[in-house]
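Me: I have a new structure open and would like to learn how to read it, feature by feature. Could you walk me through it?

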Amino acid sequence: MRRNEMKLGYTDPADGTFHALSSVGLRNLLRTASEESTRKAAYEGLRSIGPFVCAEGFLEIVKLRNKLARELGYEDYYDLTVTNAEGFGKKQLFEILDGLEEGTRPLMEEGRKELAKRHGDDALEPWNISFKMAGSVIKKMDPYFPFAKAVENYAKSYAAMGINYAGATMNLDLLDRKNKYSNGFCHWPVPAWVKPDGTWVPSQTNFTSLADPTAVGSGLTALTTLMHEAGHAAHFANIRQPSPLFSQERAPTSVAYAENQSMFLDSLVGDACWRAKYAQDLGGNPIPFAILEEEINSTHPFEVFKLRAMLAVSYFEKALYELPEEKVTAEKIQSLADEIESKIQGGLSPRPLLSVPHLVSDEASCYYQGYTLAEMSVHQTREYFKKKDGYIVDNPNVGPTLTNYYWKWGNSKPFLDLVKELTGKDLTGDAWVDCLKEPVARRIVREKREYEEMLDKIKAQGSGTPEAPKDIDLMMEVNFVDGDEVISSTTDGGLLAACKRFEDFVGARVASATSS
């Protein structure tokens, strides 16, 4: 597959100029570009990925994957992958997903009607949906999520929750560049484990994202990605088992198990109380709640769209690998993608299914159901902490609890068992659906109360800004890199000093980009 070599971007409708952008950059443009013609051009850029991958070997990959699975005795490649990763087959998986699909379909239909009522029927065009939900408020939020401060804020937040990395080394490659893999990820060339003599082997992690510091919304995107991928890194750094096989990222490590950890931690970025402390402009002023209230009004009725987008990937891959071999053609696959989007999401998706990089990737194909199962457990885990401790943000019990109940076991225990051991309940989507059904007015009241409580805590500590200790010790070595270039390292002055050098590097790059 040559997707990373694809000439990806959009053609400016104003002057016909082609602008190279990653898929992440194109999706960001869908959220923030004020001109509909520009958003449509960005969407067409994303749509161009489908024909490209179909012409560059994806069809043969699908056939060979199915051939392998059937020779091993499985129904198809999806059944093989799910069984190996989760310990149960495709049939049981879709019994779970079908229930979630049926239970949230009315919410999806209500959300689409509400979006059209607010903004007109054109709001349902795939290039308009993201912008109509959040375009203007994203720009208002942007000053409070400065990209250069993203790493420092993630580190402070993790430290306050008692999370550490047990002596790991992490290489952070955060900035977008040409031909870079079109998705954020973490991989572990050295897994953590305990040798037979009791010697601890810390993990080594490579962590990447595709941030463009000059783009509106890049700071929020980068911070969310950091909180997510750093959650993966913290999880895998804290697996304490007698073999590296328990802490490697592939099967039998459950996809849902792995994604639960990262998605639980990135969910905090959406909490008003987290933003009260960590979402600040460069002058140290917290984001006003009025902006957060506008965002809740703009997005909460449509949060079900995220769930439906996750489901769509799984239903597409299920249908894809169930196709008879003679029907695995470019035309059929592209029409099937559109059919599934319309069926599951109510219309064509702002993120075309064939633009999802997981589909063509060896290690991530037939993977997306893991996000859905993980999101179910995220809400169930959040519910547990809220009932037990009353709060999650800056709760020093979070890190030790996750380590003892989720992280240290690696793949030695089934994911569903771990969720039940912590929360006391079998995994269900109830907490997630309850969150989606929460009335907007009630959510605003709840979020405002938690926002004000955090501001009161900060005030009681004698400072209107996040605490600024001499340094933060997450018990790891961090190297900021840009490809082969080392920008800074915690080996020279500690984490905050390394963050400051990274901040200066980003500032210089932004200045260069805006002056050229």
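Reply: Happy to. Keep in mind that this is a predicted model. Let's begin with burial, where a residue under 20% relative accessible area is called buried. Cys499 comes out at 2% relative accessibility, so it counts as buried.

Me: Sticking with cysteines, how many disulfides does a search of the whole structure find?

Reply: The test is distance: two cysteine sulfur atoms have to be within 2.5 Å. Searching the whole structure gives zero disulfides. Cys499 is in none, as the nearest cysteine sulfur, in Cys186, sits 16 Å away.

Me: And why is there no bond for Cys273?

Reply: Its closest cysteine sulfur belongs to Cys435 and is 13 Å off, so the pair is too far apart for a bond. Cys273 also counts as buried, because its relative accessibility is 13%.

Me: Now strands. Which strand does E8 pair with in the parallel sense, and which in the antiparallel sense?

Reply: Look at the bridges between strands and at the direction of each pairing. Strand E3 (residues 168–175) runs parallel with E8 over six bridges. One place to check is Thr169, whose bridge partner in E8 is Glu477. Strand E9 (residues 485–489) pairs with E8 in the antiparallel sense, over four bridges. There, Asp482 stands opposite Glu485.

Me: What links E8 to E9?

Reply: The two strands form a hairpin with two residues between them. In the turn, Gly483 has a positive phi of about 70°.

Me: Is E8 itself enclosed or open?

Reply: Count its buried residues. Six of the seven residues in E8 (residues 476–482) are buried, so the strand is largely enclosed by the rest of the structure.

Me: What about the residue just ahead of that strand, Met475: where is it found?

Reply: Met475 is in the loop between helix H18 (440–460) and E8. Its phi is positive, about 55°, although Met475 is not a glycine. At 41% relative accessibility it counts as partly exposed, because that category lies between the buried and exposed cut-offs.

Me: What does Gly167 touch, if I skip residues up to four places away in sequence?

Reply: Contacts like these show which parts of the chain come together in space. Gly167 touches Pro202 and Met475. Gly167 lies in the loop between helix H7 (150–160) and E3. For a sense of the fold, compare Gly167 with Leu474: they are 307 residues apart in sequence, yet 8.5 Å apart C-alpha to C-alpha.

Me: Where else is there a positive phi on a residue that is not a glycine?

Reply: Try Cys366, at about 50°. Cys366 is in the loop between helix H13 (330–345) and helix H14 (369–389). With 1% relative accessibility, it counts as buried, so being in a loop does not leave this residue exposed.

Me: How do I read a helix?

Reply: Start with a general idea. An α-helix has 3.6 residues a turn, so residues three or four places apart point the same way. Then check length: the 20 residues of H8 should span 28 Å, and the end C-alpha atoms are 27 Å apart, which agrees.

Me: How many residues of H8 are buried?

Reply: 17 of its 20, so H8 is mostly covered. His235 lies in this helix (residues 218–237), and at 0% relative accessibility His235 counts as buried. Leaving out sequence neighbours up to four places away, His235 touches Tyr257, Ala258, Gln261 and Trp407.

Me: Where does helix H5 kink?

Reply: At Thr104, by about 40°, shortly before Pro106. H5 (residues 90–119) is followed by Gly120, with a positive phi near 95°.

Me: And which peptide bond is cis?

Reply: Omega is the angle to read for this. A cis bond joins Ala251 and Pro252, with omega about 15°. Pro252 sits in the loop between H8 and helix H9 (255–266).

Me: Last one: which residues touch the most other members of the largest nonpolar core?

Reply: Phe145, Tyr154, Tyr158, Tyr165 and Phe316, in a core of 160 residues. Helix H12 (residues 304–321) gives the most to this core, with twelve residues. Beyond its neighbours within four places in sequence, Tyr158 has contacts including Tyr165, Met227, Leu265 and Leu474.

Terms used
Residues numbered from 1 in each chain as written. Predicted model: local features only at pLDDT ≥ 70, side-chain atom pairs only at ≥ 80, totals over all residues. Heavy atoms only, no water. Buried < 20%, exposed > 50% of the residue type's maximum accessible area, 1.4 Å probe, protein only. Pairing = 2+ DSSP bridges. Bend = angle between axes of the 7 residues up to and from the residue. Core = buried A, V, L, I, M, F, W, Y, C linked by side-chain atoms within 4.5 Å. Contact = heavy atoms within 4.5 Å. Expected span 1.5 Å × (residues − 1).
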